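Subject: Structure handover

Dear colleague,

I am passing on to you the structure we spoke about, with the sequence alongside. Please look through it first, and then read my notes below.

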Amino acid sequence: MAHACDVFEELINSGFTEIGDDLHERGKLLKDVKLESHKEHVEVFRAVLLELGEIIYRKERMIEELDKKIQQAHVQQELLAETFNPNARKFGEMKKSLLASRDELEEDVEELKKRAEVALTRFRPTEIALNEAGVSFIHPVTEQEHHTTAMRAKMIEFKAMVAGHNKGSSALMDGIEQLQGELAAARTEIDSANADTTGMVSRAIPMIRASNKVRLGADN
């Protein structure tokens, strides 16, 4: 009788051990899946922020160009008004139209910045989780700022070339070329640091499938 009880107890303990091991493996797998989803979130957030940042940059440059045109229209309007030239009204209407376009662009920029702020707020839990897990990555905000600086450098180079500056024969162009070299080196460092959080969308699929199998097995 005592022997039977020992065997029964051993079976129970063995069963609990197997259940415990199984739960441990399931928990580890689900934890890994969660970490991979955070890595995937970095990749998606990075793409969203870079896209928003580029659109904001271009719209802000458009606002700057509109400001110049508004100023020119205002000056023309004032000069013509002083001589009672009827064309003064034409420049007044032009300035009014330009101001309306500027207001629309400013609204667009503010809306895009709000969207970026919302995305940043949603990203913070992922940022914390990845830092706690020791995952190396460059914060997407820092990367977006680098991208904007690179676009500004290209714009400065374009304007310098239009103004007659040539590579190798202008101190300004030499400075721009040096800046672009530094930006390219920084880009390489960013890509290297982001290696663990790049291509996660495709890499996460097998783990997600494994997680689904675990979940379905638990439901059964």
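**What was found**

The protein has 5 helices and 0 strands, and its elements, read from the N terminus, follow the order α-α-α-α-α. Please keep in mind throughout that this is a predicted model. Of the 220 residues of the protein, 27% count as buried.

**Helices α2 and α3**

Helix α2 covers residues 88-132, and since these 45 residues at 1.5 Å a residue should span 66 Å, the 65 Å between its end C-alpha atoms agrees with expectation. Within α2 there is nevertheless a kink of about 35° at Phe 123, which comes shortly before the proline Pro 125. After α2 comes Gly 134, with a positive phi near 75°.

Helix α3 has 23 residues, and the distance from its first C-alpha to its last is 33 Å, close to the 33 Å expected at 1.5 Å a residue. The buried residues in α3 include Pro 140, Glu 143, Gln 144, His 146 and Thr 148, and further along the helix Met 151, Ala 153, Glu 157 and Ala 160 are buried as well. Just after α3, Gly 164 also has a positive phi, in this case of about 105°.

**Two residues to look at**

Is His 38 buried or exposed? This histidine is found in helix α1, and His 38 counts as buried because its relative accessibility is 15%, where buried means under 20%. The side chain of His 38 is joined to that of Thr 126 by a polar contact of 2.9 Å.

Glu 111, for its part, has its place in helix α2, and its relative accessibility of 44% is why Glu 111 counts as partly exposed, a class that runs between the limits of 20% and 50%. Although Glu 111 and Ile 56 are 55 residues apart in sequence, their C-alpha atoms are 9.7 Å apart in space.

**The two largest pockets**

The largest pocket has a volume of about 310 Å³. It is lined by 13 residues, and those that lie nearest its centre are Gly 53, Ile 56, Lys 113, Ala 116 and Gln 144; one of these, Ile 56, is the residue paired with Glu 111 above, while Gln 144 is among the buried residues of α3. Three helices, α1 (2-82), α2 and α3 (140-162), each supply at least two residues of this lining, with the largest share, 5 residues, coming from α1. Sorted by class, the lining of the largest pocket has 6 nonpolar, 3 polar and 4 charged residues.

The second largest pocket holds about 230 Å³ of space. Its lining is made up of Tyr 57, Arg 58, Arg 61, Glu 64, Glu 65, Met 151, Arg 152, Lys 154, Met 155, Ile 156 and Lys 159, and α1 and α3 each supply at least two of the lining residues. Which helix gives the most to the lining of the second largest pocket? That helix is α3, with 6 residues. By class, the lining of the second largest pocket divides into 4 nonpolar, no polar and 7 charged residues. Met 151, which belongs to this lining, is also one of the buried residues in α3.

With best wishes

Conventions. Residues numbered from 1 in each chain as written. Predicted model: local features only at pLDDT ≥ 70, side-chain atom pairs only at ≥ 80, totals over all residues. Heavy atoms only, no water. Helix = DSSP H or I, 4+ residues; strand = E, 2+ residues; numbered from the N terminus. Expected span 1.5 Å × (residues − 1). Bend = angle between axes of the 7 residues up to and from the residue. 1 Å grid on protein atoms, 1.4 Å probe; cavity = no way out; pocket = protein on both sides within 12 Å on 5 of 7 lines; lining within 4 Å. Points joined across faces, edges and corners; volume = space filled by probe spheres on them. Nonpolar A, V, L, I, M, F, W, Y, C, P; charged D, E, K, R; others polar. Buried < 20%, exposed > 50% of the residue type's maximum accessible area, 1.4 Å probe, protein only. Polar contact = N/O pair within 3.5 Å; in protein donor to acceptor, adjacent residues only side chain to side chain.
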